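Colleague: Could you walk me through how to read a model like this one? I would like the general idea each time, and then the case at hand.

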Amino acid sequence: MVHMNQGQGETSYAHNSSIQNSQQNRMKPLIEAAIIDLCGSRSTLFPEKMLIADLGCSYGPNALALVSTAVKAIINHCLQFQQPPPEVCVLLNDLPDNDFNTVVKSLVTLRQNNNKLVVVTGVAPGSFYERLFTSDSLHLVCSSNSLHWLSMV
Ligand SMILES: C[S@@+](CC[C@H](N)C(=O)[O-])C[C@H]1O[C@@H](n2cnc3c(N)ncnc32)[C@H](O)[C@@H]1O
């Protein structure tokens, strides 16, 4: 199994992923647009619960970048349309050898930083070439710098 260099050392992925982070920044407007599309502007369209997943999250600062954008976009949208925010579940996926210990600690921070809504967090270890989630459960799936990664041919 392949995995990114773990930990916080000089050669770790956490300290060598700024180029990937620039790619993620370019994706943010797309995620915000997807949230507006999902939530709509009429109260009848507002979902009560939303499940957001990132496929191939790795760990370190990039692991939460896309899902954080989605959560912030939900909060802003609800404030703008004066709607009660949905309960949000965030699930981060990567291969089992990923540094999920670090990921889990940052998930706690995500919850604390977004206390305007209920955010439930978790990890979904396994290959995205296999079944990871229950059917019809996902509202938004993000992925950056991962789908081209041929961990399986
Ligand atoms: C270059 S990193 C990208 C991490 C992060 N999304 C980013 O943009 O910085 C690619 C990640 O995809 C994961 N990955 C590769 N194949 C995978 C698979 N089949 N299932 C789940 N994750 C996979 C790797 O373990 C790695 O953490």
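Modeller: Gladly, and let us begin with a term: a residue is called buried under 20% relative accessible area, exposed over 50%, and partly exposed in between. Keep in mind that this is a predicted model. Take Gln82 as a first case: its relative accessible area is 72%, so Gln82 is exposed.

Colleague: Where is Gln82 found, and what is the sign of its phi?

Modeller: Gln82 sits in the loop between H2 and E2. Its phi is positive, about 50°, although Gln82 is not a glycine.

Colleague: And Gln83, is that one buried or exposed?

Modeller: Gln83 has 18% relative accessibility, and the limit for buried is under 20%, so Gln83 counts as buried. Gln83 also lies in the loop between helix H2 (65–80) and strand E2 (87–94). For a sense of distance, Gln83 and Val119 are separated by 36 residues in sequence and by 16 Å in space, C-alpha to C-alpha.

Colleague: Let us step back to the whole chain. How many helices and strands does the protein have, and in what order do the elements run?

Modeller: There are 3 helices and 4 strands in the protein. Read from the N terminus, the order is α-β-α-β-α-β-β. The radius of gyration is 16 Å, close to the 15 Å that the globule rule gives for 153 residues, so the protein is as compact as a globular protein of that length.

Colleague: What box do the C-alpha atoms fill, and what percentage of the residues is buried?

Modeller: Along the principal axes, the box is roughly 45 × 30 × 25 Å. Of the 153 residues, 43% are buried. The accessible surface comes to about 8,800 Å², and carbon and sulfur atoms account for 53% of that surface.

Colleague: How should I read the contacts across the sequence?

Modeller: The idea is to ask how far apart in sequence the partners are. Among contacts between residues at least 6 apart in sequence, 74% join residues at least 24 apart.

Colleague: What about the charges: how far apart are their mean positions?

Modeller: The protein has 9 positive and 11 negative charges, and their mean positions are 9 Å apart.

Colleague: Now for single residues in the segment after E4. Which residues does Ser143 touch?

Modeller: For such a question, we set aside the neighbours within four places in sequence. Ser143 is then in contact with Met27, Asp54, Leu55 and Leu66. Its place is in the segment after strand E4 (140–142). With a relative accessible area of 19%, against a limit of under 20%, Ser143 is buried. There is a polar contact as well: a polar atom of the Ser143 side chain lies 2.8 Å from the backbone oxygen of Leu55.

Colleague: Ser146 is in that segment after E4, too. Which backbone oxygen atoms lie by its side chain?

Modeller: The backbone oxygen of Gly56 lies 2.9 Å from a polar atom of the Ser146 side chain, and the backbone oxygen of Ser144 lies 3.0 Å from a polar atom of that side chain. Ser146 is buried, with a relative accessible area of 9%. Leaving aside neighbours within four places in sequence, Ser146 is in contact with Leu55, Gly56 and Phe128. Ser146 and Phe128 are 18 residues apart in sequence, and their C-alpha atoms are 9.9 Å apart.

Colleague: What should I note about Asn145?

Modeller: Asn145 has a positive phi of about 60° although it is not a glycine. Asn145 is in the segment after E4, and at 30% relative accessibility it counts as partly exposed.

Colleague: One last stop, at strand E3 and the loop after it. What surrounds Pro125, and what does the side chain of Ser127 reach?

Modeller: Pro125 lies in strand E3 and, at 47% relative accessibility, counts as partly exposed. Leaving aside neighbours within four places in sequence, its contacts are Asn93, Asp94, Pro96, Phe100 and Leu132. Pro125 and Phe100 are 25 residues apart in sequence and 8.5 Å apart, C-alpha to C-alpha. Ser127 is in the loop between strand E3 (119–125) and E4, and its side chain reaches the backbone nitrogen of Tyr129 at 3.0 Å. Ser127 is buried, with a relative accessible area of 10%. Beyond its neighbours within four places in sequence, Ser127 is in contact with Leu95 and Leu132.

Technical notes: Residues are numbered from 1 along each chain as its sequence is written. This is a predicted model: local features need pLDDT of at least 70, side-chain atom pairs count only at pLDDT 80 or more; totals for chains, interfaces and linings use all residues. Side-chain values use heavy atoms; hydrogens and water are left out. Helices (H or I, at least four residues) and strands (E, at least two) are DSSP runs, numbered from the N terminus. The radius of gyration is taken over C-alpha atoms; the globule rule is 2.2 Å times the number of residues to the power 0.38. Buried means under 20% relative accessible area, exposed over 50%, partly exposed in between (1.4 Å probe, protein chains only). Contact means heavy atoms within 4.5 Å. Accessible areas come from the Shrake-Rupley method with a 1.4 Å probe; for residues, only the protein chains shown count as cover. Lys and Arg count as positive and Asp and Glu as negative; His and the chain ends are not counted. The place of a charge is taken as NZ of Lys, CZ of Arg, CG of Asp or CD of Glu. A polar contact is a pair of N or O atoms within 3.5 Å; within protein, one must be able to donate a hydrogen and the other to accept it, and residues adjacent in sequence count only if both atoms are side-chain atoms.
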